[in-house]
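Visitor: Labels are cheap, so I'd like to see the reasoning behind a few of them. Could you walk me through this one?

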Amino acid sequence: MRILWLFVLTLSILPGTAAASDIASSVNGGSNRLADGGDFELGMSVYGVNQIDVRQTDSGTAQLSLLVSGMYQYKGMFVEMIHQSQDGVNLGVNLWSSEDWSFDLLLANLQGSWSRPDVDPSTLDEAGRNAYLLSEDSLYIGAGFRATRYWGDNYVFQYRLVSDYYDDQGIQSSARLGKSWQVRNWNFHVLGSVGYSSATLNRYLFGVSKEEATELFPEYHPSSSFSYGMELGVAYPLSESFVFRAMYCFNVLSKEVTDSPFNQAGYASFFNASISYVF
């Protein structure tokens, strides 16, 4: 699946006590999860990602990109676009929270996906079907829930499940356990994860139907799958307003992905380093 996520804006309001937090924010030493308000960052980052898929255009050597990150919450409503998050952009409301638990309704979860032209592939020749299968960027827009368990200031566990309602792409979920610790002014974190993708989602992303099949991309019908990942990261305040962050993420892909004719690797690796202004 795509590693760099797209974003969108929408709105919904419900009363409650704000307690939302993407796990990427929690393990990176995010702001008080129980307080209204938010924080925002603007900066530059350098990233590198291996080529997982023949349709990828952002793999290879290190690339420079603009960093826009932030979260805001008010009386139960929250919007999150967290730098280094693996879960895209979230908008939702908190249903219940305590010092140790948080349950959130995700009204809109946005992530990168693939799309194919709205044409009948049976009307295309071999070259046309190859071009058709080398699809363009699209969006996964889902809704679901998120449950988070906190242990003090150092451990966090989060389970998340969303189902696409934009293009019926299927279900995905994740379970992640993170730990952070501080050494002088350096804030380190480690994050382990297990991800699930439904058969519908895998067929949408990595499958090839009989009508679409070519010699280059033969027919393929994957089932549901699990993936496993590990993330290591560090943050360091350069001044009162500037912060340096770096992270490395490694995910082992399932055979449902690696057996796809689109696949180029058995793993996904991603490195990112950034300097941003926090306000």
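Visitor: Why does K75 count as partly exposed?

Guide: This is a predicted model, by the way. K75 has a relative accessibility of 41%. Buried would need a value under 20% and exposed one over 50%, so K75, at 41%, counts as partly exposed.

Visitor: And where does K75 sit?

Guide: In the loop between strand 2 (63-74) and strand 3 (77-81). Its phi is near 50°, which is a positive value in a residue other than glycine.

Visitor: D168 has a phi near 50° too. What makes D168 count as exposed?

Guide: The relative accessibility of D168 is 59%. The cut-off for exposed is over 50%, so D168 counts as exposed. D168 lies in the loop between strand 7 (155-164) and strand 8.

Visitor: Okay, F188 next. Why is F188 called partly exposed?

Guide: Put its 29% next to the limits: buried stops under 20%, exposed starts over 50%. The value for F188 falls in between, so partly exposed is the label.

Visitor: Which residues does F188 touch, leaving out those up to four places away in sequence?

Guide: F188 is found in strand 9 (residues 186-197), and it touches K179, S180, W181, V183, G233 and V234. A contact here means heavy atoms within 4.5 Å. The C-alpha atoms of F188 and L232 are separated by 7.7 Å, with their positions 44 residues apart along the chain.

Visitor: How do you know that the strands form a barrel?

Guide: Follow the pairing: 12 strands close up in the order 1-2-3-4-5-6-7-8-9-10-11-12, with antiparallel pairing. Neighbouring strands of this sheet are turned by 25° against each other on average, ignoring direction.

Visitor: What makes strand 1 and strand 12 a pair?

Guide: Pairing takes at least two bridges. Strand 1 (residues 37-49) and strand 12 (residues 267-278) are joined by 9 bridges, so they count as paired, and they run antiparallel. One of the links is V46, whose bridge partner in strand 12 is A273.

Visitor: Which strands does helix 3 touch?

Guide: Helix 3 (residues 199-206) packs on the sheet and touches strand 5 (101-115), strand 6 (136-151), strand 8 (171-183), strand 9 and strand 10 (225-237). The direction of helix 3 makes about 30° with that of strand 5.

Visitor: Last one: how much of the chain is buried?

Guide: Buried residues make up 48% of the 279 residues. The chain exposes about 13,500 Å², and carbon and sulfur atoms supply 60% of that area.

Note on methods. Residues numbered from 1 in each chain as written. Predicted model: local features only at pLDDT ≥ 70, side-chain atom pairs only at ≥ 80, totals over all residues. Heavy atoms only, no water. Buried < 20%, exposed > 50% of the residue type's maximum accessible area, 1.4 Å probe, protein only. Areas by Shrake-Rupley, 256 points an atom, 1.4 Å probe, with all protein chains shown as cover. Helix = DSSP H or I, 4+ residues; strand = E, 2+ residues; numbered from the N terminus. Axes fitted to C-alpha atoms, helices over the stretch in contact; angles between N-to-C directions.
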